Amino acid sequence: YITVQWAEVPGIVVYDTKTGRVVKKIDILLEGGRQLAIDPRTEKMYYPMYDDDRVVVIDTRNDRVINIIPVKGKPVSVDFTQNGEAWIHSDADGSVSVIDTKSDEVVKRIETGGKGQGRTAVSPDARYAASSRSETNDVILIDTRTKQVIGKVPIQVGSRYGYALDPIFE
């Protein structure tokens, strides 16, 4: 799946790596798509739309849009927990939104206090989420069970081409 966010008709190109050919294009018709990701449990793709404050959900088994979820704050990235949650990072207001992937509804909006561009990552054991922020130069740590901010690590997050770098758990 390859985003074509600035095409005349924004969308996602489906590319078959075995044949080396474009199979189809999924027209999204919304502006500002950013970092998409597929939930390995459900095979649903979550595609944050920065310009439209929404997350598009696509069933990758048939490549159809099945939901469009309002998410405030200019959403840009997504990562998943093993218990069925999509964690969405928003650049504009410093929030992280949690979506229940069964109902595709926002169940929690976490104000982090951070500012600037960034990304969200969930730890491999799904106990923590991290949200990087380029303007406040920090990474916010969140307990995924309580959905509460548990710490802030001051760090030179940096950015490349206006986008903050991804937090990575090891």
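Q: Where is the place of K74?
A: K74 sits in the loop between β7 (64-70) and β8. Keep in mind that this is a predicted model.

Q: What makes the phi of K74 worth a look?
A: Most residues other than glycine have a negative phi. K74 is a residue other than glycine, yet its phi is positive, near 70°.

Q: Is K74 buried, partly exposed or exposed, and how do you know?
A: Its relative accessible area is 24%. Buried needs a value under 20% and exposed needs one over 50%, so K74 falls in between and counts as partly exposed.

Q: What about D53: where does it lie, and what is its phi near?
A: D53 is in the loop between β5 and β6. Phi here is near 50°, again a positive value in a residue other than glycine. As for accessibility, D53 comes out at 27%, between the 20% and 50% cut-offs, so it is partly exposed.

Q: Why does S131 count as buried?
A: S131 has 0% relative accessibility. The limit for buried is under 20%, so S131 qualifies. S131 is part of strand β13.

Q: How do you know that the side chain of S131 makes a polar contact with R133?
A: The side chains of S131 and R133 come to 3.1 Å. A polar contact requires a donor and an acceptor, N or O, within 3.5 Å, so this pair makes the cut. The side chain of S131 also has a polar contact of 3.1 Å with the side chain of H89. Setting aside neighbours within four places in sequence, S131 touches several other residues, including V96, R119, T120 and D138.

Q: Why are β12 and β13 called paired strands?
A: Pairing takes at least two bridges, and β12 and β13 (residues 128-133) have three, so they pair; the sense is antiparallel. One partnership to look for is A121 with A130 in β13.

Q: What makes β12 and β15 edge strands?
A: The strands belong to an open sheet of four, in the order β12-β13-β14-β15, with antiparallel pairing. β12 (120-122) and β15 (148-154) each pair on one side only, and that makes them the edges. Ignoring direction, neighbouring strands of this sheet are turned by 20° against each other on average.

Q: Why is the aromatic pair of Y46 and F80 called edge-to-face?
A: The ring centres are 5.6 Å apart, which is within the 6.5 Å limit, so the rings pair. The planes are 65° apart, and over 60 counts as edge-to-face, so that label applies. A search of the whole structure finds one aromatic pair. Y46 belongs to strand β5 (residues 44-49) and F80 to strand β8, and the two are 34 residues apart.

Q: Are Y46 and F80 buried or exposed?
A: Both Y46 and F80 are buried. They also belong to the largest nonpolar core, which has eleven residues, among them A37, V55, V78, A86 and I99. Which elements give two or more residues to this core? They are β6 (54-59), β8 (75-80) and β9 (85-90). From within that core, A86 contacts Y46, V78, F80 and I99, to name some of its partners beyond four places in sequence.

Q: How many residues does the other core have?
A: Ten, including I12, I26, Y47 and I58, and this core lies apart from the largest one.

Conventions:
Residues numbered from 1 in each chain as written. Predicted model: local features only at pLDDT ≥ 70, side-chain atom pairs only at ≥ 80, totals over all residues. Heavy atoms only, no water. Axes fitted to C-alpha atoms, helices over the stretch in contact; angles between N-to-C directions. Buried < 20%, exposed > 50% of the residue type's maximum accessible area, 1.4 Å probe, protein only. Contact = heavy atoms within 4.5 Å. Core = buried A, V, L, I, M, F, W, Y, C linked by side-chain atoms within 4.5 Å. Phe/Tyr/Trp six-rings, centres within 6.5 Å; stacked < 30°, edge-to-face > 60°.
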